[in-house]
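Student: I would like to go through some of the terms used for a protein model. Please set each value against its definition.

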Amino acid sequence: MQPYGVNQLRKMFLEFFESKGHLAMKSFSLVPHNDKSLLLINSGMAPLKPYFTGQEIPPNRRVTTCQKCIRTGDIENVGKTARHGTFFEMLGNFSFGDYFKTEAIEWSWEFLTEVVGLDPDRLYPSVYEEDDEAFQIWNQKMKIPAERIFKFGKADNFWEHGSGPCGPCSEIYYDRGEKYGCGSPDCTVGCECDRYMEIWNNVFTQFESDGHGNYAELEQKNIDTGMGLERLASVVQDVDSIFDVDTLKALRDHICSLAKTEYGKDAQADISIRVITDHTRSVTFMISDGIIPSNEGRGYVLRRLLRRACRHGRLLGISGSFIPEIAKTVIEGSKDGYPELEEKRDFILKMIAKEEEQFNKTIDQGLGILSEMIAKMEEEQAKTLSGQDAFRLYDTYGFPIDLTKEILEEKGMDVDEEGFHSAMEVQRKTARAARGETNYMGADVTVYESIDPSITSTFVGYENLSYESDITVLTSEHAVVEELTQGERGTVFVSETPFYATSGGQQGDTGVIRTENGEFKVEDTIKLLGGKIGHVGQVVNGTIRVQEKATLEVQAEKRALSARNHSATHLLQKALRMVLGTHVEQAGSNVNEERLRFDFSHFSALSAEEIQKVEEIVNEQIIAALPVKAENMPIEEARKTGAQALFGEKYGDVVRVVNMGDFSIEFCGGTHVKNTSEIMAFKILSETGVAAGVRRIEALTSKGLLRYYEALEKKLNEAAKLLKASPDNLTDKIVHLTTENKALHSEVDSLKSKLAQDAMGDVLNQVKEIQGVNLLAVALKDVDMNGLRDLGDQLKEKLGQGVVVLASESNGKVNLMVTATQDAMDRGAHAGNLIKAIAGLVGGGGGGRPNMAQAGGKNPAGIAEALTKAEKVLAEQIS
């Protein structure tokens, strides 16, 4: 057997299955496509799920891939053992309703023994204990003796994840020899030691599970196989672990040369070497797929891996930036299989360097703070770092939680992870709230102020949604720059743009700016002083540079929907003036693709009739299909047309006038429909007050209104279903249920009253006379406040004259009620003052009128003392 390298084995596998009629597909991105169940692709099958489920038709019924994968479930163990890693390549051959067990088993055996050259006598297959078909194929067709075929149960040889397609597995193990074994005479396939290594797994997807132990035979049976490339290489090259195979050893050696150390000489150093080796591979491949360091999602996984590698570099004594150097070796070793690594080489290295530099700026200070925290914990004999302290390290010094955990573990300590995540969630909510109240401009005004004042932009978007222009200026979030690279946020300025900038209440356009070398996603368009229009967003691919020719493309649907809502505000303003009066002036607006908001001067809430009338007028003009024309004219000429100007707005000598069939004429620089019929329909959702003399209407049109009615219809149907009615008779059903509910409430109240009376029993023998005034003070159980009031009225009537004090304990709480007759009040009794005097004894407070008062408390143990004190308080009141 030849010690083939990783790149050779990958090529051999794909070419072998191509010879068997398979389509060799390029590895899919690590970023899942239309799969919210995964953060990162973690298996060869994961990106092929649509083919297995039938959602998409595969390009071929036989497919083979070498898929790059990342798993971070046991990130804390990476480095500590030579078995664990986050990045790996998964070789796979797949059948979508084509071949099945016989071919899959035959070809796996043929590849391993005839192509790779593994010794057949050192290979051991395993099957699911109930899969007689697979056993027969191995035994009779492949001539493997029965004693060398291992049968395992569901836990080992049945692939299943909840409900859905599933099936038995057949794995192939390789005996690496006694030198890798545990020395036990019972050591065999399935032992936990490294001697018998599972290298191939054939999954026979033949059942559909309902998730409750019931299985139905699939009409289309599939094959899903997986073989770890690095694991196969470790067998073929006869090395201890994946960290010793050729491509990973090259990384390992590079790290050792930078650290001036040797692998295998020091256990702690070896941990750091393995961490850097694995994590740099992951980081390099992730960035090549467009993943950028951030504090959320995939970006946070990338940041964690990179910073963990940085910290282990320091443990090895490597000074300065070094991860980009290791990444170069990753690229060199894997570019044959993944040419995108070489294509994006500069971007990958620059992104790693920037992130490493950012972390290096704070790591020393962070390590110092953590050392102080550890010293304090040791002084207090504490073993757990608080979540708040861990979050401070993360938020201020960029320490991912697992890095803090790792450092603490070295000291025999741990961290309150739940507290950390709680603190992080508070910050995220705060950040989201802040983003809702400020825009991109908030902290970056000085960036734009530093742009050459002679730079201007011309808007050409009334007639164009796509346009070619030259990039004149680029800014990052902090400075004017010459270029922006993938992942960087910034602002693009061009000479002429079809993008409408946020103004006049209409939100700016979004879309894409493309150059020969890059693509920029426009998330907002802003208007700046000096006639500048800025396109705010992020480079999503490649690099864009100043002076490059760019194609600007506006997101057409968003523009069209925004225009419909904007045109509707013009119709709305005219309708409001018609219904409410000419005092109505626009006081503000906010229009986007989803809805419109219109603020106007008016001094009272609109009645239902007024709202209906406004809606009717607007919809009449929509149905009338009025032509919409826009014209630039001198301001004085425009005023003569009767055009409505925005109150308080400063206009130039020439203004743009938008005329909707002479029904509405306004000064306006926004984008509009060409005919009011495009608006489709108009519906007011709410009318509220926002300030003194200012009202606000929120409304929907076209697509937004259709979505609203769809949601409303769904709710109506759901409500009808819950009430076992149809939408047509839902009102009658609700009236019937309300009447029935009212009768049942009355019945319940009557029963409660009777139960309360029964619980009280005959208490009139407990009446005491306090200086000629009757007092009845009684303790009860499980009577609510309504029940106490009812009982108080009944007892007061039976007393004739006097004061009734009732206290009830229920679920650890106390309800107190005092009521007094007119005769008692004439003598000085005051229910409100009495209850104030005794409520403190039951841990509460309260008050009320002279004739009735109530209170609550939390101390049932004080009831007896409170009732006793009532006698004293009443005596003082009537003395």
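The questions below take up burial, contacts, aromatic rings and one sheet.

Tutor: This is a predicted model, in which local features need pLDDT of at least 70, side-chain atom pairs count only at pLDDT 80 or more, and totals for chains, interfaces and linings use all residues. Residues are numbered from 1 along each chain as its sequence is written, and side-chain values use heavy atoms, with hydrogens and water left out.

Student: Why is threonine 497 called buried?

Tutor: Buried means under 20% relative accessible area, exposed over 50%, and partly exposed in between, with a 1.4 Å probe and protein chains only. Threonine 497 has a relative accessible area of 0%, so it is buried.

Student: Which residues is threonine 497 in contact with, leaving aside its neighbours within four places in sequence?

Tutor: Contact means heavy atoms within 4.5 Å. The residues that touch threonine 497 in this sense are Thr458, Phe459, Val460, Gly461, Ile533, His535 and Leu552.

Student: What makes phenylalanine 16 and phenylalanine 17 an aromatic pair, and what is its kind?

Tutor: Rings of Phe, Tyr and Trp (its six-membered ring) pair if their centres lie within 6.5 Å; planes under 30 degrees apart count as stacked, over 60 as edge-to-face and the rest as tilted. By this rule the count comes to 32 aromatic pairs. For phenylalanine 16 and phenylalanine 17 the centres are 4.9 Å apart and the planes stand at 85°, so the pair is edge-to-face. Phenylalanine 16 is buried at 6% relative accessible area, and phenylalanine 17 is buried at 1%.

Student: How do you know that phenylalanine 150 and phenylalanine 152 are stacked?

Tutor: Their centres are 6.3 Å apart, with 20° between the planes, so the pair meets the rule for stacked. Phenylalanine 150 and phenylalanine 152 are both buried.

Student: Why is one side of strand S22 and of strand S27 left without a neighbour in the sheet?

Tutor: Two strands pair if DSSP finds at least two bridges between them; strands (E, at least two residues) and helices (H or I, at least four) are DSSP runs, numbered from the N terminus. The open sheet has 4 strands in the order S22-S23-S28-S27, with antiparallel pairing. S22 (586-591) and S27 (682-691) stand at the edges, each with a single partner strand, so one side of each has no neighbour there.

Student: What makes S22 and S23 a pair?

Tutor: 5 bridges join S22 to S23 (residues 596-601), and at least two are needed, so the two strands pair. In S23, aspartate 599 is the bridge partner of glycine 588.
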